[in-house]
Amino acid sequence: MGRKRIFSYSGSLLNIPEYKKDPEQYRCSMLDCKEEDVSPSDTESQSNICCIKAHSKQAKILHQMLDFSLFKDPIFMMYATSNFLTSIGFNVPYVYTVDRAVLWGMDGKDAAFLLSVIGISNTVARLILGWLSDRSWINRLYLYNSCLVVCGVSMALSPFCSSYNLQAVYCAIFGITSGAYVGLTSVVLVDLLGLEKLTNAFGLLLMFQGIASVIGPPVIGALYDSIGDYDAGFYFAGSMIFLSGAMLFAIPAIQAHAAHKRPAFKITSGEGQDDLLTEA
């Protein structure tokens, strides 16, 4: 637990690629990880970052915190876009489920209990999905994607569930499947980018999620004001979540293409420089 990144990672350490490759070396690296003394000495050089003078160690830490090179990574950008789309629709049921149920003529207390159905099912689902994600026979990316697809479909179909019992079923399905978005985001992120990039990548993801969370509910509210019901808003929110999950099924193909195009060196025994080969 010597690494700060570990507090952003909710999966089992046994599933980290670095641990699988060499468990003993990874344990040693955890034990040897010590907090560096960042207080500068008098002889340390200073660097200018955003017109602010900073000592070399401070500049290095700040540079790591403000590392935007991940925006050049197509895998990260696809995952960030998916998180953005998910966050547009994620908060909609929490904000408008009760109002929609009351609009359909349901009792106020019964309508409010629908949020409890979401909360209870979501709590149980996080435990189950967390356990499943630690199984070696589970593809965590596909588990995450599938949950988002089902979540989006259920939300888009929820306007047809006008009875209380059907609404309770919908809320349970939403609570279960949305648990993957909350519980597996950091786990899948480590699988895609590695543990070393988790801190920066997760911070940037939170930025995407925050912006989208502000956009989603007001859009649904505007649709209600212009149309007079919540159906169009739930169609829109459901389609965003469905798209966010479906698009991630393309990640394995992108990874395979990137690995196929990765440069390879041909080591020669003769004189001269080694040949650089690009796999076709």
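In which handedness of crossing does helix 4 pass helix 9? Helix 4 passes helix 9 in a right-handed crossing, the near helix being turned clockwise from the far one by less than a right angle. This is a predicted model, in which local features need pLDDT of at least 70 and side-chain atom pairs count only at pLDDT 80 or more, while totals for chains, interfaces and linings use all residues. Residues are numbered from 1 along each chain as its sequence is written, and side-chain values use heavy atoms, without hydrogens and water.

Helix 4 covers residues 74–90 and helix 9 residues 185–193; helices here are DSSP runs of H or I with at least four residues. Their axes come within 10 Å and cross at roughly 165 degrees. The two helices are therefore roughly antiparallel, a term for angles over 145 degrees.

In this pair, Ile75, Phe76, Tyr79 and Asn83 of helix 4 meet Thr185, Val188, Leu189, Leu192 and Leu193 of helix 9, contact meaning heavy atoms within 4.5 Å. By class, this contact has seven nonpolar, two polar and no charged residues.

Phe76, Tyr79, Leu192 and Leu193 are also among the residues with the most contacts inside the largest nonpolar core, which has 50 residues. Such a core is a set of buried nonpolar residues (under 20% relative accessible area) joined through side-chain atoms within 4.5 Å. Elements giving two or more residues to this core include helix 4, helix 8 and helix 9. Leucine 192 touches, among others, Leu141, Ile251 and Gln255.

Valine 169 lies in helix 8 (residues 164–183). At 45% relative accessibility, valine 169 counts as partly exposed (between 20% and 50%, 1.4 Å probe, protein chains only).

Definitions and conventions: Axes are lines fitted to C-alpha atoms, for helices over the stretch in contact, and angles run from 0 to 180 degrees between N-to-C directions. Angles under 35 degrees count as roughly parallel, over 145 as roughly antiparallel, 65 to 115 as roughly perpendicular and the rest as oblique. Ala, Val, Leu, Ile, Met, Phe, Trp, Tyr, Cys and Pro count as nonpolar, Asp, Glu, Lys and Arg as charged, and the others, Gly among them, as polar. Lists of a residue's contacts leave out its neighbours within four places in sequence.
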